[in-house]
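Here is a walk through one protein model, going from its sheets to a few spots worth a closer look. Have the viewer open while you read.

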Amino acid sequence: MKTLNILLLYLSFIICAFTKEVYYEAENGKLNGVTVYKDLSGYSGSGYVGRFETAGNSVSVTVEVSQTGMYDLSIIYCGNMGQKINILNVNGEGAGDITFPETTGFETLNVGAIYLKAGKNTIGITSSWGWMWVDAFVINDTPNAAKDVSSKLNPTLVNPKAIPAAKKLYDFLKSNYGKRILSGQVGAAGQAGDEGEEFKRIMNATGKKPAVWNMDFIFESNDCTWRPTNPDITEMAINWWKKYQGKGIMSAQWHWNIAGKTGNFAFYKKDTTFDLEKAVTEGTWEYEKIIKDIDRVSGLIKKLQAINMPLIWRPLHENNGDWFWWGNNPKACAKLWKILYERMVNYHGLNNLIWLWNGNNDEYTPIEYIDIIGVDIYANDHGPQTTAYNTHFDFYGGKKMVVLSENGRIPDIQQCVDQGAWWGYFQTWNSEFILQNSYHTDAQLKEYFNHKIVMNMDELPSFNVNSYDYQSSGSNENNNNNNNNNNNSDSAECFSIALGYPCCKGNDIVYTDDDGNWGVENNEWCGINDSEPSQAACWSQALGYPCCKSTSDVYYTDDDGNWGVENGNWCGL
């Protein structure tokens, strides 16, 4: 839609030209366990606060805005005691962990957009690592324009030799990104397709099975003295794949146990003497050791490729922290990631992997080797974690899907929708995080898993395909050989067959994106052929935008008609 695209650019220019930054001085806020200081130079106002010596120490300020929306937030701070990670709070709820890089003086950190309601709001920092100085919180006085989360996504996987099943899974995730959030759950450590007490809790409370499952190669490195057998981890995964006929999504991480020349094997840095710097240096004993471990795990994953099973692969997870031996060293960790990719893909020919990066966003991040971005958040509430989402989404320029690769509490789904925090999926950690009512009540689980935006296992297509071509972005052309598990005669009728969805029998349009028009039948998304006229269509459909469903508020009027905004997207009235 040419007119609206020009309008969006014009509005963005107007917002940038007339937006003012409003400063809220930390020393004038509510202080808990922190003190006002004036010793350092370069601060604004009458001082700054610190030092956040104890977990839970905090500072918060009250801000007032005239409109509900997403507002850009910056924090002026000094990190002369080293890089720290502390918690951002908005209106009493955790909005995500914020990494404050080391500095020598006061600098401005652009946090990203936060959701504020018209009227008074509170913004604050709570100590996690602590040991820093906060000078001021700065927000724009007008809200941001609606964010487009899907149009810039990379059209293909980074591996040009990806098998059809991996390509279909990626297309499926991409086609749902920004309109559905997939459910996920982690089972017991070292298991695959585990349907133990975590899954029973979800089934009993919700009647649903999660769409995204999980396996962990925690016991599979060469140093491990025990690992599951009869069945082993790959046999478990194969049995799961066969049981559900390929209609499931498996993610995997590797808690990489390894020993140094002295001491025991472990994945926690404090428990092993293994040296990351030496591990990424060819010719060292450590380098040879990681290659042997990579080769062993590759041999296991190759068995999954043999049955067309794709895997969302998350090695070196949480590498922005300092608790794992591969963490808190961005340059070396990025080098290790590339070693993993080259060895697994180019040496072992593993083409069933979708590479998920879960860690540092900086100059060393190996972007060209990454398909999806994962964020791990263990919050004290069910907030949507919008700031964390926006921080990662913006770093990659909207080209990578962002998912909750681990979470403690499931974020409130409706708040995610309202605030535009379009996590591709959530994946709750095991044990108490899903089993105890203090984390999730039955009522909450039922609400989240049965929310219309959430997709569970019963809505998944089969990804067990032998041929598949990527669906072209913005095109409704069909590939008759994309999905050999579906009725081939349907593939000439509508675009959605290639994305794993059936064609609609009726014509009622409930959503439109770059792929085409979507309906819902039998509680499942289905594609509507453009050749079929729809009584439900409105004028904006022809311009590539959906009809407004739940709002009648006119946000803008042009020659095409009246425009509203729903779920962060333009819609026609």
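What follows covers the sheets, one enclosed strand, the cavities and some unusual backbone spots.

Keep in mind that this is a predicted model.

**The parallel sheet**

Let's begin with the open sheet of six strands, which pair in parallel and come in the order β13-β14-β15-β16-β17-β18. Which strands stand at its edges? They are β13 (212–216) and β18 (401–407); each has a single partner strand, so one side of each is left without a neighbour in the sheet. From one strand to the next, the twist averages 35°.

Further in, β16 (residues 353–357) and β17 (residues 372–377) are paired in the parallel sense over two bridges. If you want a spot to click on, W357 has I373 in β17 as its bridge partner.

The loop between β16 and β17 is where you'll find N358. Is N358 buried or exposed? With a relative accessibility of 3%, N358 counts as buried, because the cut-off for buried is under 20%. The side chain of N358 has polar company, too. It makes a polar contact of 2.7 Å with the side chain of R314. In addition, a polar atom of the N358 side chain lies 3.1 Å from the backbone oxygen of G374. R314 belongs to β15 (311–314) and G374 to β17 (residues 372–377), two strands of this parallel sheet.

**The antiparallel sheet**

There is also an open sheet of five strands, this one with antiparallel pairing and the order β2-β5-β10-β7-β8. Its edge strands, β2 (30–32) and β8 (93–100), each pair on one side only. Neighbouring strands here are turned by 20° against each other on average, with direction ignored.

Within this sheet, β7 (residues 84–90) and β10 (residues 119–126) run antiparallel and are joined by four bridges. One pair to look for is I87, which stands opposite T126 in β10.

**An enclosed strand**

Now to β11 (residues 133–140). Why is β11 described as largely enclosed by the rest of the structure? Eight of its eight residues are buried, so that description follows directly.

β11 has antiparallel partners. Strand β1 (residues 21–25) is joined to β11 by five bridges, and strand β6 (residues 69–78) by six bridges. A136 in β11 is a handy place to see both pairings: E25 stands opposite A136, and A136 is also the bridge partner of I76.

**Cavities**

How many cavities of 30 Å³ or more does the structure hold? There are three, and the largest has about 60 Å³ of space. Its lining is made up of L173, N176, Y177, R180, L182, I372, M401, V403 and G424. By type, that is six nonpolar residues, two polar and one charged. Helix α2 (164–176) and strand β18 each supply at least two of the lining residues. That brings us back to β18, an edge strand of the parallel sheet.

**Unusual backbone spots**

For context, most residues other than glycine have a negative phi, and most peptide bonds are trans. A few places in this model go the other way, and they are gathered in the table.

| Spot | Backbone feature | Value |
|---|---|---|
| G50 to R51 | cis peptide bond | omega near 5° |
| N230 to P231 | cis peptide bond | omega near 10° |
| W131 | positive phi | near 55° |
| L316 | positive phi | near 50° |

Where do these spots sit? R51 is in the loop between β4 (48–50) and β5 (58–65), and β5 is one of the strands of the antiparallel sheet. P231 lies in the loop between β13 and α4 (233–243), with β13 being an edge strand of the parallel sheet.

As for the positive phi values, W131 is in the loop between β10 and β11. L316 lies in the loop between β15 (311–314) and α7 (330–347). Their surroundings can be set side by side: W131 counts as partly exposed, at 31% relative accessibility, whereas L316 is buried, with a relative accessible area of 1%.

Note on methods. Residues are numbered from 1 along each chain as its sequence is written. This is a predicted model: local features need pLDDT of at least 70, side-chain atom pairs count only at pLDDT 80 or more; totals for chains, interfaces and linings use all residues. Side-chain values use heavy atoms; hydrogens and water are left out. Two strands pair if DSSP finds at least two bridges between them. Axes are lines fitted to C-alpha atoms, for helices over the stretch in contact, and angles run from 0 to 180 degrees between N-to-C directions. On a 1 Å grid over the protein atoms alone, a cavity is a set of points where a 1.4 Å probe fits but cannot get out, and a pocket is an open set with protein on both sides within 12 Å along at least five of seven lines; lining residues have an atom within 4 Å of a point. Grid points are joined across faces, edges and corners, and a volume is the space filled by probe spheres set on the points. Ala, Val, Leu, Ile, Met, Phe, Trp, Tyr, Cys and Pro count as nonpolar, Asp, Glu, Lys and Arg as charged, and the others, Gly among them, as polar. Buried means under 20% relative accessible area, exposed over 50%, partly exposed in between (1.4 Å probe, protein chains only). A polar contact is a pair of N or O atoms within 3.5 Å; within protein, one must be able to donate a hydrogen and the other to accept it, and residues adjacent in sequence count only if both atoms are side-chain atoms.
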